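Hi everyone, thanks for coming. Let's bring the structure up on the screen and walk through it together.

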Amino acid sequence: MRFPALATPVLLAGAILGGTLSASSAIAQTSSPATASGHADHLLADDHSWNGTPYDHYPTTRPMLSMIRLTIPAHSALPWHVHPYPNAGYVLEGTLTIEDRESGKKRTFHQGEAFAESVNDVHRGVTGDSQTVLMLTYAGSPGKPTSIPLPGQQKEY
């Protein structure tokens, strides 16, 4: 009669040990990352710039993508300039009003907004009451500038 009493702790220990081993196996099996799709917030998809000018071609040279984080002080205007390549911006902080010199068009972009920059149109960015921080992505060519100031103007960055 004592055997069943002795068997119970042995069976209990076996069950605990077996459960621990099963849990360890389950942990080992789930320690590698699961396959999943990411969530995409599409910020911009345009075939024309913010001022309505269509993009007509890409450079014919070897492409070079570049990104810059540009910080512009409050109450500032960047110099008048042109971009020879398609590019896009995203406002990380503050606001940016882009002004087209020829047409006089203006458009203000706020934190969290993306914009398609103009190509070969003279323009500048103007900030508001706080500094503006932009993430700019250019589709250019190696060794070529992404921003060209007008004669007599300083560089944009």
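So, let me start with a question: how many residues lie between strand 4 and strand 5 in their hairpin? There are 5 residues between them, and Gly 104 in that turn has a positive phi of about 80°. When I say strand, I mean a DSSP run of E with at least two residues, while a helix is a run of H or I with at least four residues, and both are numbered from the N terminus.

Before going on, a word on where this comes from. This is a predicted model, so local features need pLDDT of at least 70, side-chain atom pairs count only at pLDDT 80 or more, and totals for chains, interfaces and linings use all residues. Residues are numbered from 1 along each chain as its sequence is written, and side-chain values use heavy atoms, with hydrogens and water left out.

How confident is the predictor? pLDDT is its confidence in each residue, from 0 to 100. The protein chain averages 85, and 81% of the residues score at least 70. Now look at residues 1–17: pLDDT stays under 50 there, and the model has 0 contacts for them beyond four places in sequence. A contact here means heavy atoms within 4.5 Å. Residues 20–25 tell a similar story, with pLDDT under 50 and 0 contacts beyond four places in sequence. Where pLDDT is low, the predicted coordinates should not be read in detail, so please don't squint at those parts.

Back to the hairpin. Strand 4 covers residues 95–100 and strand 5 covers residues 106–110, and they pair in the antiparallel sense over 5 bridges. Two strands count as paired if DSSP finds at least two bridges between them. Within this pair, Ile 98 stands opposite Arg 107 in strand 5. Strand 4 also pairs with strand 7, again antiparallel and over 5 bridges, and there Thr 97 stands opposite Val 126. Strand 4 is mostly covered: 5 of its 6 residues are buried. Buried means under 20% relative accessible area, exposed means over 50%, and partly exposed is in between, using a 1.4 Å probe and protein chains only.

Next, the open sheet. It has 4 strands in the order 1-8-3-6, with antiparallel pairing. Why does one side of strand 1 and of strand 6 have no neighbour in the sheet? Those two stand at the edges, each with a single partner strand, so one side of each is left free of a neighbour. As a reminder, strands of a sheet pair through backbone hydrogen bonds, either parallel or antiparallel.

Let's zoom in on strand 3, residues 87–93. Strand 3 and strand 6 run antiparallel and are joined by 3 bridges. Gly 89 sits opposite Phe 115 in strand 6, and Ala 88 sits opposite Ala 116 in strand 6. Strand 3 also pairs with strand 8, antiparallel, over 6 bridges, with Asn 87 opposite Tyr 138.

Now for some single residues. Ser 141 is in the loop between strand 8 and strand 9. Is Ser 141 buried or exposed? Ser 141 is buried, with a relative accessible area of 3%. Its side chain joins that of Thr 61 through a polar contact of 2.3 Å. A polar contact is a pair of N or O atoms within 3.5 Å; within protein, one must be able to donate a hydrogen and the other to accept it, and residues adjacent in sequence count only if both atoms are side-chain atoms. Leaving aside neighbours within four places in sequence, Ser 141 has contacts that include Pro 59 and Tyr 85.

His 48 lives in the loop between helix 1 and strand 1. His 48 is partly exposed, at 30% relative accessible area, and its side chain makes a polar contact of 2.8 Å with the side chain of Asp 47. Beyond four places in sequence, Ala 116 is one of the contacts of His 48. The C-alpha atoms of His 48 and Val 119 are 9.2 Å apart, although 71 residues separate them along the chain.

One last thing, on phi. Most residues other than glycine have a negative phi. His 75 has a positive phi of about 50° and is not a glycine. His 75 lies in the loop between strand 1 and strand 2, and is exposed at 60%. Asn 120, another non-glycine, has a positive phi near 65°, in the loop between strand 6 and strand 7.

How values were computed: pLDDT is the predictor's confidence in each residue, from 0 to 100.
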